[in-house]
Amino acid sequence: MKERFYSVILFTIIAVYVWGIRPDSATAAPLIAGSQSASEIISRINAYRAQNGLYSYTINQNLMNSAQVQSDYQASIQSVTHTGSGSTSPKDRAYAAGYGGGSTIWVSEIIYGGTQATVDTAMSWWKGSSVHNNAMLSSQSLEIGAGVASSGGSTYFTVVMGLVSGSASGETGGEIPAIPNNPVLVAEPGEDGSIIHTVQAGQTLWTIAAVYEVPLDQLLELNDITMNTLLQPGQEIIIEQPHESEPTVTPTVESTPTPSETEPIPTPSITPQLSLTSTLTSKSTPISARSTISSSQEASDNTGGGLSTIGIIAVGMIVVYAVIILIAATFRNVDEE
């Protein structure tokens, strides 16, 4: 009886112990992992800066909160993006987190995410991109914050680096002037359809590509530059090349001359064609000739243009015939005498 009683008590104690610690262990594990990952990212970035002779970023809790908010949002939509909830920008989120206390701030954000995303793969990818590498090695920021979140087998990293206007440099102890933050404004297309962007201080290739909504690789190819190219204020970046225009056809206007300007139409010359038709009616009937000519030639003959060849022959025959008759008559008279 006592053994059964003790067994029940022992079983109850074990059950209460196990039941009591399960909720704590289930909720604490992800928080510890996330915290260690964020801290590890910052440590790795500061170590990389030290290798390049740069001062270490100082951890700022407001930037930590801002970075974590963006990592949580990316995990919720399972997509890598700089645009936060409510279409917020990195600066919007830093202000909302209380960074700068109302002073002018400058922030830079880098992100990385995927199904096999780790701190190692994130650092490797950021080092391979000039834009992200410049952010990690920048001398224009003093403070840093990081956040990590996971969802659906993917992990999302966010790092925010910032500077409050008028802050003292950790490297020299002097005051750092406010860094210009010129937003990228979309340029108007030219008459030929080309779009040229003029770089302002603080603008990057990545930001220009994002604002104009063109692939970064296309931007690099159009301008024959690389990710390591440093943009200078005033530099012109081709966003879109000129359009090929079709040749303009100028219409030809034909004028109709007035009657006074009309040249006289030349009258074509008509070559007369003579058609002879001869018909032998009888032995006693002389040859008759019939000519067919154009009206213009007939008019010329009516005006005394001269006898035709047949007419001349006929007259000659008559004369000869008359002479013969005359001679015959003469010989007849001689014989009679």
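This passage walks through the fold of one predicted protein chain, from its overall make-up to its sheet and its cores.

The model is a prediction, so a few ground rules apply: local features need pLDDT of at least 70, side-chain atom pairs count only at pLDDT 80 or more, and totals for chains, interfaces and linings use all residues. Residues are numbered from 1 along each chain as its sequence is written, and side-chain values use heavy atoms, with hydrogens and water left out.

To start with the big picture, the chain has nine helices and eight strands; these are DSSP runs numbered from the N terminus, with helices being H or I of at least four residues and strands being E of at least two. Of its 337 residues, 27% count as buried, where buried means under 20% relative accessible area, exposed means over 50%, and partly exposed lies in between (1.4 Å probe, protein chains only). Mean pLDDT, the predictor's confidence in each residue on a scale from 0 to 100, is 73 for the chain, and 62% of the residues reach 70 or more. Over residues 16–35 the pLDDT drops below 50, and beyond near neighbours in sequence this stretch has one contact in the model (contact means heavy atoms within 4.5 Å). Residues 169–179 also stay under 50, but there the model has 19 contacts beyond four places in sequence.

Now for the sheet. Four strands make an open sheet with mixed pairing, in the order 1-3-4-2; two strands pair if DSSP finds at least two bridges between them. Strand 1 (58–59) and strand 2 sit at the edges, each pairing on one side only. Strand 1 runs parallel to strand 3 over two bridges, with Thr58 partnered by Glu143 of strand 3. That same Glu143 is also bridged to Gly162 in strand 4, as part of the antiparallel pairing of strands 3 and 4 over nine bridges. These two strands form a hairpin with two residues between them, and Gly152 in the turn has a positive phi of about 60 degrees. On its other side, strand 4 pairs with strand 2 in the antiparallel sense over 10 bridges, and Trp106 stands opposite Leu163 there.

Strand 4 is well wrapped up: 11 of its 11 residues are buried, so the strand is largely enclosed by the rest of the structure. Both faces are covered, with buried residues including Tyr156 and Val160 on one side and Phe157 and Val159 on the other. Helices pack here too. Helix 2 (residues 61–77) touches strands 1, 2, 3 and 4, and its direction makes about 25 degrees with that of strand 3. Helix 4 lies across strands 2 and 4, running at about 120 degrees to strand 2. For these angles, axes are lines fitted to C-alpha atoms (for helices, over the stretch in contact), and values run from 0 to 180 degrees between N-to-C directions.

That leaves the cores. A nonpolar core is a set of buried Ala, Val, Leu, Ile, Met, Phe, Trp, Tyr and Cys residues joined through side-chain atoms within 4.5 Å. The largest one has 22 residues, and Ile41, Ile45, Trp126, Phe157 and Val159 have the most contacts inside it. Helix 1 (2–51) and strand 4 (154–164) are among the elements that each supply at least two of its residues, and helix 1 gives the most, with five. Leaving out residues up to four places away in sequence, Ile41 touches Val119, Trp126, Val148, Phe157 and Val159. A second, separate core has 15 residues, including Val214, Leu216, Leu231 and Ile239.
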